[in-house]
Amino acid sequence: MTRALMSINTAHLAPEEAGPRAHPAPAARFEAVRLKNHDAPRGSGGISFALAPGSFHILTGPLAADRTAVLKLICMIRQPARGRVQVLGRDTASLSRAEAASMRRRIGVVLADMPLLEHLTVFENAALAPRIAGRGPAEYGPQVSDVLRWVGLGRRAHERPAILSNGERRCLMIARAVANGPEMLLADDPTEGLDTVSTHRVLRLMTDLAASGMTVLTAMANDPLAAASGAPMLQLQDGRVTLIEGATQGAAT
């Protein structure tokens, strides 16, 4: 494991807690969940699946809004119309506002409606989460630099995002999402619009994160690309999720 991934893996832990992490419960579990404003077919039973800690899955399906909604339910931006969502061992409906905010700090998120801040440098964008968490530059600086080198942006740290290619911008969004050492990464179609080289680079980053022990769920519109990745796929259609096994380890339970 690279130094950068080691620092990501333990960043949010107190010194006495650093080390291998294990969650007896699934990293995320949906039980008969209905999405708000979604008319599931009669008798569908709703969306049910579970993600094992440290697994990498790709969420596919014909409706982008539904794929995004699943990610937003996990990071507690939304609540289900019906059913139960558990994240990192907690029922999201039972969390207070402060508890939900604390839980969100354990989840890295890459969403289209969370753009880069163009007036900040590449480094400052990547350092947003540790800064918001109250960590000082002396503590987070080396870790953020490691993460930027890992995604291939080490030499761009003091540049503005405007000069980055689409692929580099997507890598920066991933760096920003994981720089504070979350236990889970949710990414909404992070390869959309990228060339082949950038697409494979982003998928490699996701695979590296799962290999480091982070749970990774990526929503993707490109079914052939998702299938070619070798990762297990969660196919969301008609109010149900179907697991399609891939070649990687850590399948949904």
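These legends describe close-up views of a predicted model.

**View A. Six strands form an open sheet.** The strand order is 6-7-8-3-9-10. Pairing within this sheet is mixed. Strand 6 (107–110) and strand 10 (240–244) stand at the edges. Each edge strand has a single partner strand, so one of its sides has no neighbour in the sheet. On average, neighbouring strands are turned by 20° against each other, direction ignored.

**View B. Strand 6 pairs with strand 7 at one edge of the sheet.** The two strands run parallel and are joined by 4 bridges. Val109 of strand 6 has Leu186 as its bridge partner in strand 7. Side chains of strand 6 alternate: Ile107 and Val109 point one way. Gly108 and Val110 point the other way. All of these residues are buried.

**View C. Strand 3 meets strand 9 inside the sheet order.** Strand 3 (residues 56–60) and strand 9 pair in the parallel sense. Their pairing covers 3 bridges. Leu59 stands opposite Leu234 of strand 9.

**View D. A hairpin links strand 9 and strand 10.** Strand 9 (residues 233–237) pairs with strand 10 in the antiparallel sense. The pairing runs over 5 bridges. Leu236 faces Val241 in strand 10. Gln235 has Thr242 as its bridge partner in strand 10. There are 2 residues between the strands of the hairpin. Asp238 lies in the turn and has a positive phi of about 55°.

**View E. Helix 7 lies across strand 6 and strand 7.** Strand 7 spans residues 184–188. Helix 7 runs at about 160° to strand 6.

**View F. Helix 7 packs against helix 8.** The axes of helix 7 (residues 166–178) and helix 8 (residues 196–211) come within 9 Å. They cross at roughly 15°. Angles under 35 degrees count as roughly parallel, and helix 7 and helix 8 are therefore roughly parallel to each other. Their crossing is right-handed.

**View G. Residues from both helices make the contact between helix 7 and helix 8.** Helix 7 contributes Gly167, Arg170, Cys171, Ile174 and Val178. Helix 8 contributes Ser198, Arg201, Val202, Leu205, Met206 and Leu209. By class, the residues of this contact divide into 7 nonpolar, 2 polar and 2 charged.

Conventions
Residues are numbered from 1 along each chain as its sequence is written. This is a predicted model: local features need pLDDT of at least 70, side-chain atom pairs count only at pLDDT 80 or more; totals for chains, interfaces and linings use all residues. Side-chain values use heavy atoms; hydrogens and water are left out. Axes are lines fitted to C-alpha atoms, for helices over the stretch in contact, and angles run from 0 to 180 degrees between N-to-C directions. Angles under 35 degrees count as roughly parallel, over 145 as roughly antiparallel, 65 to 115 as roughly perpendicular and the rest as oblique. A crossing is left-handed if the near helix is turned anticlockwise from the far one by less than a right angle, and right-handed if clockwise. Contact means heavy atoms within 4.5 Å. Ala, Val, Leu, Ile, Met, Phe, Trp, Tyr, Cys and Pro count as nonpolar, Asp, Glu, Lys and Arg as charged, and the others, Gly among them, as polar. Two strands pair if DSSP finds at least two bridges between them. Buried means under 20% relative accessible area, exposed over 50%, partly exposed in between (1.4 Å probe, protein chains only).
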